[in-house]
Amino acid sequence: MLGLWGKYAHVYLLVIAATTTLVFALPIFLAPLAWARRFGWKIPADTDLAIYFGRCLGAFILIVECLMLRAGLTGVGMLFTFEVLALVAVLMIVVHVRGAVQGIQPISETLEIGMYSGLLVLTLLFWPQ
């Protein structure tokens, strides 16, 4: 399974980068509370910390987006980028499973367990050869 579609690794990175930049990175970075409302989160009265953490998360997602874009366009850092993507997927699965078990997140976040599991499988399938 590892690298079955590895010759298309660069295409995979460009597609994932474009999609996640538009759906997650920029909305979380630019308007974290609006993004949170769309995903079903209850917004507290004091929002300063939530906005700060949202922007921080968005900034880190943008870093991963830049890694994917660079590797997808130039091939530089391809293996490292795939390692980062696999780690992101695994850790986000853990984060979302914990939130689901604790019952502290909206259903949209629990459904992301499947999304990140799928991302992990695809990352392994497109692993560069």
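Which residues does A17 touch, not counting residues up to four places away in sequence? In this predicted model, A17 touches E65, M68 and L69. The report below sets that group of contacts within the chain as a whole and then turns to individual residues and aromatic rings.

## Overall architecture

The protein chain has five helices and zero strands. Read along the sequence, the order is α-α-α-α-α. Two of these helices recur in the sections below: helix α1, which covers residues 9-30, and helix α3, which covers residues 48-74.

The radius of gyration of the protein chain is 16 Å, in agreement with the value near 14 Å that a compact globule of 129 residues would have. Taken along the principal axes, the box filled by the C-alpha atoms is roughly 50 × 30 × 20 Å. Among contacts between residues at least 6 apart in sequence, 71% join residues at least 24 apart.

## Burial, surface and charge

Of the 129 residues, 40% count as buried. The protein chain exposes about 7,700 Å², and carbon and sulfur atoms supply 75% of that area.

The charged side chains comprise 7 positive and 6 negative ones. The centres of the two sets lie 4 Å apart.

## Residues of helix α1

A17 lies in helix α1. Its relative accessibility is 5%, below the 20% limit, and A17 therefore counts as buried. The contacts of A17 include M68 and L69. By comparison with these contacts, G77 is a residue 60 positions from A17 along the chain, and the C-alpha atoms of A17 and G77 are separated by 15 Å.

L14 also lies in helix α1. With a relative accessible area of 29%, L14 is partly exposed, because that class runs between the 20% and 50% limits. Leaving aside neighbours within four places in sequence, L14 is in contact with L69, G72 and L73. L69 is thus listed as a contact of L14 and as a contact of A17. The C-alpha atoms of L14 and M68 are 6.7 Å apart in space, although 54 residues separate L14 and M68 in sequence.

## Residues of helix α3

Is A71, a residue with 0% relative accessibility, buried or exposed? A71 counts as buried. A71 is found in helix α3, and, with neighbours within four places in sequence left aside, A71 is in contact with L13, V76, G77, M78 and T81. G118 is 47 residues from A71 along the chain, and the C-alpha atoms of A71 and G118 are separated by 21 Å.

C66 is placed in helix α3 as well. Its relative accessibility is 53%, over the 50% limit, and C66 therefore counts as exposed. The C-alpha atoms of C66 and C56 are separated by 15 Å, with the two positions 10 residues apart along the chain.

## Aromatic pairs

A search of the whole structure finds seven aromatic pairs. One of them joins W35 and F39, with 4.5 Å centre to centre and 25° between the planes, and this pair is stacked. The two partners are assigned to separate burial classes: W35 counts as buried at 11% relative accessibility, whereas F39 is partly exposed, with a relative accessible area of 21%.

Y52 and F53 provide a further ring pair, with centres 5.4 Å apart. The planes of Y52 and F53 stand at 55°, so the pair is tilted; an angle over 60 degrees would be needed for the edge-to-face class.

Which residues do ring pairs link into a cluster? The cluster consists of W5, Y12, F82, F126 and W127.

Notes:
Residues are numbered from 1 along each chain as its sequence is written. This is a predicted model: local features need pLDDT of at least 70, side-chain atom pairs count only at pLDDT 80 or more; totals for chains, interfaces and linings use all residues. Side-chain values use heavy atoms; hydrogens and water are left out. Helices (H or I, at least four residues) and strands (E, at least two) are DSSP runs, numbered from the N terminus. The radius of gyration is taken over C-alpha atoms; the globule rule is 2.2 Å times the number of residues to the power 0.38. Buried means under 20% relative accessible area, exposed over 50%, partly exposed in between (1.4 Å probe, protein chains only). Contact means heavy atoms within 4.5 Å. Accessible areas come from the Shrake-Rupley method with a 1.4 Å probe; for residues, only the protein chains shown count as cover. Lys and Arg count as positive and Asp and Glu as negative; His and the chain ends are not counted. The place of a charge is taken as NZ of Lys, CZ of Arg, CG of Asp or CD of Glu. Rings of Phe, Tyr and Trp (its six-membered ring) pair if their centres lie within 6.5 Å; planes under 30 degrees apart count as stacked, over 60 as edge-to-face and the rest as tilted.
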